[in-house]
Each structure stands twice: as C-alpha cells, then as structure tokens.
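Please walk me through how strands and aromatic pairs are read in a model such as the one below.

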Amino acid sequence: MQLRIDDPLDPRLDDIRDLKHSDKEKNLVFAEGPLVAGRLVESRFPVRAVFGFGGRLESFMADYGEELSRRGIPVYEITRQIMGEVAGYDMHRGLLVSADKPEPLTVSEVLDGARTLVILEGVGDHENIGSIFRNAAGMGVDGVLFGAATADPLYRRSVRVSMGHVLRTPFAHLEGTPTTWQRSLAELHDDGWWLISLTPADDAVELKDAIQGHDKVAFLVGGEGPGLTPHAMRATDVRAKIPMAPGTDSLNVATSAAIAFYERMR
C-alpha cells in the first residue's frame, strides 16, 4: 500500500491540501509527527491515509507498516517540498496522518468508570485545550466534558499540543446554550459527582480543602479572561481557589487545571 507521488496536483493528496487554511472545513482529524501519528493509528479514529518522507516515514512504517497494510490504509511517500506545497506550510516533522471523525461519545460513556473529570466552559484557545488534554493524561484525569462556547478539541493545533492525548482521552459535549448548558450538570450530580468551580475569587475555599473527602470529582474551568460564568458556578457544589502570591490575580487556564489535577492526584 506504499505509493510514491511526485505530482502535487494528484487528487490522492486532497486530504492535506491547503491544510493551513482549510483544516476546519475538511471535517477530518490530522496528526503531525511520528508520536502523535502513532497515537492516531492506535485510536478509535478511522485512519484514511499516511503521508510522509525520509527517515520519519521509514521508522514509522517499521513500527506500523504491518498494521496499516492489514487495515488497507494507503501510505503516500512524497518529498518535503511537495508536502509543504500541498499543505501550505513546511511540514518539518516529516509525517502527517489523516482520519475521519468517529461517532461522538455520550456523556454517560465518559462518566462510566471515571473518578476525575474536567469540564470546560468558553475555552476558545486551541493550544489551551490541547494543553489541558496533555495535563489530564499525565495526571490521571479520566475524561473531559465540554460546556458551551468551547473550541473544537480535534482542531489540528489542539491535537498537536495535546501530543495526541485528545485522541486517547474520552470526551463529550454537554447539551445546551451558553445560558442553559449548566442544567446538563444535573446528570453528574445524580451520579454522585462533586463539582468544583475554579476561580480566583477571594471568598472561594482553598483547592485542597474543596477536594478532600470526595470520591468522584469534576473540576470546572472557564474561558481565557472572563473565567467561569455565574451560571456555571451556581451549578457546582463549591468554588475553589489556588493560593497565589500577593500582587497576582490568576493563572492561565491550562496551568490552573494542571495544578488542580496534581492536587487531586496527590
């Protein structure tokens, strides 16, 4: 199934064509570089094709060639120049894999067997979303739920920054609009979850005290700048703050989430 392509107009390269400007419209998932590409192949996402050049492609095929052949997935060998011309930017990682998006998981599927979750509201930065997934995977968080107004976790930059963990960590979207999605949290309350809003508010309790003694914990984090909405915080059991040095007011949302994950794991 490994084929060489020397024509940048070859239609078999259409998955990665003008990727810099049109990956959202393609409704596909992309993994760049051997590590993330391997995690995509090992995931539940239906792989469409592999594109690569040089030693990165050779080593990837040594690890996954048999699996790709068994599944009938085409592998296209192209030059770095052609890959850059087609994708619209220099693909120095030497490897790119495309996949279809699978059926989304349900909230119940994410909750099943989980003990620690993170819930995002209004987080619009793809790098922050990718970082939250990477931090979650590194510190034992079982799943991610999305409230309203959050960016696509499967956007190419999010996948890359997450080091492919967005492809492995279960996630689902809660129903509702920016002013009604919080009603979906009732399902978690009914399932015995303790919901913690992360906020820098002076009257919030300290994070370690908010976590103590609870079996199933879900952290809520809000968008860059405004943080969680009052609607979201009212739907939780407690508001918790991370102790800060005098003269500072808040941390980046991915950093705050990472500290909460560590405190939970500790």
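Q: How is strand 7 placed beside strand 8?
A: In this predicted model, where local features need pLDDT of at least 70, side-chain atom pairs count only at pLDDT 80 or more, and totals for chains, interfaces and linings use all residues, strand 7 and strand 8 (residues 171–173) pair in the parallel sense over three bridges. Residues are numbered from 1 along each chain as its sequence is written, and side-chain values use heavy atoms, with hydrogens and water left out. Strands (E, at least two residues) and helices (H or I, at least four) are DSSP runs numbered from the N terminus, and two strands pair if DSSP finds at least two bridges between them. Across this pairing, Phe146 stands opposite His173 in strand 8.

Q: Which way do the side chains of strand 7 point?
A: In a regular strand, side chains alternate between the two faces of the sheet. Here Gly143 and Leu145 point one way from strand 7 (residues 143–146), Val144 and Phe146 point the other way, and all are buried (under 20% relative accessible area, against over 50% for exposed and partly exposed in between, with a 1.4 Å probe and protein chains only).

Q: How many aromatic pairs are there?
A: A pair of aromatic rings is described by the distance of the centres and the angle of the planes. Rings of Phe, Tyr and Trp (its six-membered ring) pair if their centres lie within 6.5 Å, with planes under 30 degrees apart counted as stacked, over 60 as edge-to-face and the rest as tilted; the count comes to six aromatic pairs. One of them, Phe51 with Tyr76, is tilted, at 5.6 Å centre to centre and 40° between the planes.
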